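Visitor: I have a structure to explore and some questions to ask. Can you walk me through it?

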Amino acid sequence: MDLKALTSLFATTLSPDPNVRKAGELQIRKIAGQEGIIVALLQIISAEGVDNATRQACAVWLKNRVHTCYDIDSSEIRPDRTPISQPDCDALKSSLLPLLASTPSRPISIQLAATLKDIIIRDFPEKWPNLFSDINKLLASGDIREVVAGCQASLELIKAFEARRKVLPELLPQLLPTLVNIATQSLSAPHPGSSQEIPMLLHYILKTYMKTTLLQLSGHQMSNESLVPWGRLFFQVINLQLPSDAVPTNEDERERCEWWKAKKWAYATLGRLYRRYGDPSQLPSTLKDEYGAFADSFVNTFAPEIIKVYLHQVELFVSGQAWLSKKCQYYIFTFFSDCIKPKSTWHLIKPHFETLVSSFVYPQMTFTPAKEELWHTDPVDLVRQQVDDGDYFDTPLVAATTFLVQLVKSRTKVTFRPILTFINNVLRSNPEAPRKYGALNMTVSLAPFIMRHPDVKDGMEQFLMERVLPCFGAPEPYLRAVACEVLCSVEKVGVKWGDEQNLHHHFSAVVAAMSDEELPVKVHSILALTQMIIIHDSIRNVVASQIGKLVQDLLKLCDETELESLNSSLKAIVAYYHEELLPVAVELTVRLCDTYMRLAGEVASKSGETSDQDISSPFEFDGGEDKEIAAMNIAQTIGTVISAVETSPEILAQVQDVIAPIVVFTLEKQLIDLFDNAYELIDSTTFKLRKISPNLWPIFELTYKALKTHAINWIEEMIPTLDNFLSYGSDVFKTRADYRNMIVDIYTTVLNSDSLGENDFINGSKLADSILLNLRGHVDDYLQVIVNTALAHFDSAKTNKFRLSNLEVLINCVLYNPAAALHFIEAYSPGMAGTFLDRWFAAIKEENGLPRVYDKRLTIIALSALMEMERSTIPEPLSKAWPFMVSGALKVFDGLPKAVAARKELEDTFEDDEEFEDDDEDYLNMNEDEGDVWDEESAYMEVLAKEGARLRAMNEKREGGYPGSDSSSEEEEIEEELGYFSPLDTVNPYETFKSALTNFQQKNPAAYQAATTSLDVEQQTSLMEVMKKAELPQAQA
């Protein structure tokens, strides 16, 4: 296809006519694998006569093609996914850097840069040895566009290797001095603001440096010869006063312009250097050897200068002399927050904290014009920012709140009273509504600390009556909303009501707010009411009579907003009113399932659009993540309904019938991100009902299909449900050969998968155990398949957990049919049966070889089955092991009571309903000493650092091939699984062993004689104890 025709073809992918667009994409898909297509696209992208939109479409397609098909493994090749030919690969490597330098379009250069990074990851340095020298040539060019391209390529080079600890330190001493010199020289130009390239160049350079600091700081970067010029550059960029004509007048556009991106990365990098490497008081112990000296120098030399520069920028901003982008404000607040706990920097912040709170924090808390605009244009998003702020963590408001909280939490003695005084002074001054909102908003943030402070918590009731209750009747809706927020926040932390009438005044105000015309007021009133229901019996009793209407209204609000916090409220209310909701539980579930189906349908629609685009489409689609999260929350609420009605099997069965179609829909539409929630619902209902309804078997069939096609990685989520099907639907399996074939095939598929790890193999082994235990006598034809599958991993297991799980599959095979199992094990490889018994007996003898109750029960019952074998059916080479059966079982019996007691203690711990009460000391630092603060966050970071160091050491051992790199000493202890239930739980091991011993004596007297006469005194005593316990009921044994 010639260039003109190819250009026209890519232009069709931009057509507003979906039929034209689809036809073009299909045609592109057909020619995608042809050699020379990439060369032609590179020519189109570089052609000035082609419009930018078409060139961009080509660049996007090229990026996707390289990402999916560059140097792919032969096993991944498909008709629609063919590898890029070597000539095309060579053309890419020779053309990308010149293209970056020549393209005037930023959107196109972004696509080309992403393509470059993908190739760097695969080819540099081995297959692209001249890349670094080519980048350096661009950096040394006299053409500013080539220098910018070199900076962009440098950024992609660092991004490609930011997670590889051994690569970056070798590159940085060569690259960083060049970049800092370029940036410094560009700022020394007479009018740096007049050049369009300079801010972009600075943006790339500063972001490159930031990327180098994510995981480690090289020795070069810690040296003064590197740190000083870079530090000077950061300060120069931050202090640079931009002329008005250098940046857009529109604030949103200014936020996104290159100059403010450059400033953002300067702020971000200084904060990163201090937080991660430059604060000795918070530096984890695992990093002290590497960064301790640098941290001591940085905190004394650079940190004071950073504080000075930041305070100056804040002063200019609050006085209206300068503008700060939101991201820059965020990084300033974050840095100030990090300066509170260390003694050395706190003394520099301390004289300014009141000014910072009143002039920098408080304005963020007020009801700003931006909030007012959002209130009217998108109130749901406004509320989401307030209560579901997971997606808004990097805003100035969140950072200001963090700074405020950190002040009160870490330096309580100094800051708490002045900040409360400021809030009260604002409220006493009869301020305008936006300012009153700000003071109350600060109260919301500080409520957990106010309610724990011994001197002020008792005054909260009066504060609510005087300052908050009147706001419920304010004409400004945002004051009504924040009044609900204040009440909710103090109820969460246990405000004490001295006068019950005051509580009910606030309750009446909240109920009235639920009928407010403004959506944010409704939402916050629901959240406040939920807390009151949780805390106060009197409120809970009053609401009980109206619970049906409340739940219906709440469901409607959940549908309208899809807010996670409202779904949490719904779950809480359903949990507290489970008896009252029993009559309407089915109707409630229907409503919830309707909502789930609507959301899941939208997710499926989005998924369909995404799958249709393939790699030939230049468009990117929204995958509907918000809808997925909302659907997950609805599923969790359905789970709460299930728990609420579990005492009524009839209603629970009806609820299950309602739920089944949404699970079927989820599996049919392959909504894998919702699989966890869907399986959890079916696992819950089938376990509580202890039966499998006929309408659930399509779910089993769909699960098998999903696992065999696209969802094998979800085996862990599927296992509990599959185990329930086996446990409570065994009668159906026994009559359905196709189902038996499916369930065994799931086990073999999992264990034979190259894409799964040992944790998944453990789950597969659990499934095999369930098959063998629940389908005794009905999977004879599959016993050899199971044996062979387990033996394939017998010597290759790397972890103790999988080694034991795999061994127990073979033990279960022995329990299922001792003679056949031993025959199949020996048939796998001569001598394998003896090797298996040796491995098993070694686990019995080892102190913690069989750590769990299930492990011990299984071994005792399986040994008992071996003891009952007819002498003639015991393979002669193995007969010498039979006398060990008795002493082996006694060894396991010795540890069984202790294991049972430990499991019971663990169960009691989980069943303890007492809520953990936070210590006030975790919230307030009342110490007079103003030294370094080490709190729970510091301790948590210490734990993370130690775990990271441990994992890195293990990886280095594996990569280096050091002996013992898979040492069991580095593994986690095998713990009891309280959620795992087995048919063996109902078997009395003492009775089973006693019966087996009697049969052993009759069927194999010689082995019995050898087994019993070889027992020492201690073992004989143990045998007598076991025989006594066999006479007792299992609960007493």
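Visitor: Which residues line the largest cavity?

Guide: Keep in mind that this is a predicted model. The largest cavity holds about 50 Å³ of space. Its lining is made by Ala32, Gly33, Gln34, Glu35, Ile37, Ile38, Arg65, Pro83, Ile84, Ser85 and Asp88.

Visitor: How many residues of each class does the lining of the largest cavity have?

Guide: Ala, Ile and Pro count as nonpolar, Asp, Glu and Arg as charged, and Gly as polar. Sort the lining of the largest cavity that way. The result is five nonpolar, three polar and three charged residues.

Visitor: How many cavities of 30 Å³ or more are there?

Guide: The largest cavity has about 50 Å³. The second largest cavity has about 30 Å³. With 30 Å³ or more as the rule, the count is two.

Visitor: Which helix gives the largest share of the lining of the second largest cavity?

Guide: The lining residues are His793, Phe794, Ala797, Arg803, Asn806, Leu807 and Arg839. By class they split into three nonpolar, two polar and two charged. The largest share is three residues, and it comes from helix 43 (residues 800-816).

Visitor: Now the pockets. Which residues are closest to the centre of the second largest pocket?

Guide: The second largest pocket has about 1000 Å³ of space. Of its 39 lining residues, the closest to the centre are Arg275, Thr334, Asp338, Glu937 and Met941.

Visitor: Which helices each supply at least two residues of that pocket's lining?

Guide: The lining of the second largest pocket divides into 19 nonpolar, nine polar and 11 charged residues. The helices that each supply at least two lining residues are helix 14 (258-278), helix 15 (285-301), helix 17 (326-338), helix 22 (396-410) and helix 48 (936-960).

Visitor: What is the handedness of the crossing of helix 21 and helix 28?

Guide: Take helix 21 (residues 379-387) and helix 28 (residues 519-535). Their axes come within 9 Å and cross at roughly 35°. The crossing is right-handed.

Visitor: How many residues of that contact are nonpolar, polar and charged?

Guide: Helix 21 brings Pro379, Val380, Val383, Gln386 and Val387. Helix 28 brings Leu519, Pro520, Val523, His524 and Leu527. Pro, Val and Leu count as nonpolar. The contact divides into eight nonpolar, two polar and no charged.

Visitor: Is Glu562 buried or exposed?

Guide: Glu562 sits in the loop between helix 30 (547-561) and helix 31 (564-576). Its phi is near 55°, a positive value in a residue other than glycine. Buried means under 20% relative accessible area. Glu562 has 17%, so it is buried.

Visitor: What does Arg690 count as, by its relative accessibility?

Guide: Arg690 is in the loop between helix 36 (675-689) and helix 37 (697-709). Arg690 is not a glycine, yet its phi is positive, about 60°. Its relative accessibility is 46%, so Arg690 counts as partly exposed.

Visitor: Which residues is Lys457 in contact with, leaving aside its neighbours within four places in sequence?

Guide: Lys457 lies in the loop between helix 24 (433-450) and helix 25 (460-468). At 32% relative accessibility, Lys457 counts as partly exposed. Beyond those neighbours, its contacts are Ile450 and Met451.

Visitor: Where is Pro125, the residue after the cis peptide bond from Phe124?

Guide: The bond from Phe124 to Pro125 is cis, with omega near 0°. Pro125 is in the loop between helix 6 (106-123) and helix 7 (131-139).

Key
Residues numbered from 1 in each chain as written. Predicted model: local features only at pLDDT ≥ 70, side-chain atom pairs only at ≥ 80, totals over all residues. Heavy atoms only, no water. Axes fitted to C-alpha atoms, helices over the stretch in contact; angles between N-to-C directions. Helix = DSSP H or I, 4+ residues; strand = E, 2+ residues; numbered from the N terminus. Left-handed = near helix turned anticlockwise from the far one by under 90°. Contact = heavy atoms within 4.5 Å. Buried < 20%, exposed > 50% of the residue type's maximum accessible area, 1.4 Å probe, protein only. 1 Å grid on protein atoms, 1.4 Å probe; cavity = no way out; pocket = protein on both sides within 12 Å on 5 of 7 lines; lining within 4 Å. Points joined across faces, edges and corners; volume = space filled by probe spheres on them.
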